[in-house]
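Reader: I would like a close look at one part of this model, the sheet and what is packed around it. Please take me through it step by step, in connected prose.

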Amino acid sequence: MYKSIGMPEFYQEAKRHQLPIIDVREIDEYEAGHVPNAKNLPLSTLGETFDTLEKEQEYFIICQSGGRSVRAAEFLSQQGYDVTNVMGGTSSWPGEMA
């Protein structure tokens, strides 16, 4: 089971701490702009790349609007990872993109 966090709360946390953020959008979407410090692991390849993540680490999962991140959070939690879905995605990020 995964947790969820709203963008206002997530934004404040991300300003205070360097959070482990996984952006599951495709590479071209990520390169066009992403939340600072986010690592790109596209949902389309997550089945082959998820084992690069550390099981002891909590991760925040984000996409464009929240659909893909829910699927990624469900998958990762089934694999035993501690994940939190970021509701609203990068389209609701109020800060500057990297």
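Author: A good place to begin, bearing in mind that this is a predicted model, is the pairing of β1 with β5, which runs in the parallel sense over three bridges. Within this part of the model, Lys3 stands opposite Thr84 in β5. Helix α4, residues 67–78, packs on the sheet and touches β4 and β5, and its direction makes about 170° with that of β5.

The sheet to which these strands belong is open and has five strands in the order β1-β5-β4-β2-β3, with parallel pairing. Its edge strands are β1 (3–5) and β3 (38–40), each of which pairs on one side only. On average, and with direction ignored, neighbouring strands of this sheet are turned by 35° against each other.

From the sheet one can turn to the packing of side chains. In soluble globular proteins, nonpolar side chains tend to be buried together. In this model the largest nonpolar core has 16 residues, and those with the most contacts inside it are Ile61, Leu76 and Val83. Both β4 and α4 supply at least two residues each to this core, and the largest share, three residues, comes from α4. Leu76, leaving aside residues up to four places away in sequence, touches Leu46, Phe50, Leu53, Ile61, Tyr81 and Val83. Tyr81 has a further partner, for the charged end of Lys55 sits over the ring of Tyr81, 5.1 Å from its centre.

Apart from the largest core lies another, of 14 residues, which include Phe10, Ala38, Phe60 and Trp93. Aromatic rings deserve attention here, since the structure holds five aromatic pairs. One of them joins Phe10 and Phe60 in a tilted arrangement, 5.6 Å centre to centre and with 45° between the planes. Because Phe10 lies in helix α1 (residues 7–16) and Phe60 in strand β4 (residues 58–62), this pair ties together parts that are 50 residues apart in sequence. Phe10 and Phe60 are both buried.

The rings of Tyr11 and Trp93 have their centres 4.9 Å apart and their planes at 80°, so this pair is edge-to-face. Since Tyr11 lies in helix α1 and Trp93 in the segment after β5 (82–86), the pair ties together parts that are 82 residues apart in sequence. Trp93 is buried, its relative accessible area being 12%. Taken together, Phe10, Tyr11, Phe60 and Trp93 form one aromatic cluster.

How values were computed:
Residues numbered from 1 in each chain as written. Predicted model: local features only at pLDDT ≥ 70, side-chain atom pairs only at ≥ 80, totals over all residues. Heavy atoms only, no water. Phe/Tyr/Trp six-rings, centres within 6.5 Å; stacked < 30°, edge-to-face > 60°. Helix = DSSP H or I, 4+ residues; strand = E, 2+ residues; numbered from the N terminus. Buried < 20%, exposed > 50% of the residue type's maximum accessible area, 1.4 Å probe, protein only. Lys NZ or Arg CZ within 6 Å of the ring centre and 35° of its normal. Pairing = 2+ DSSP bridges. Axes fitted to C-alpha atoms, helices over the stretch in contact; angles between N-to-C directions. Contact = heavy atoms within 4.5 Å. Core = buried A, V, L, I, M, F, W, Y, C linked by side-chain atoms within 4.5 Å.
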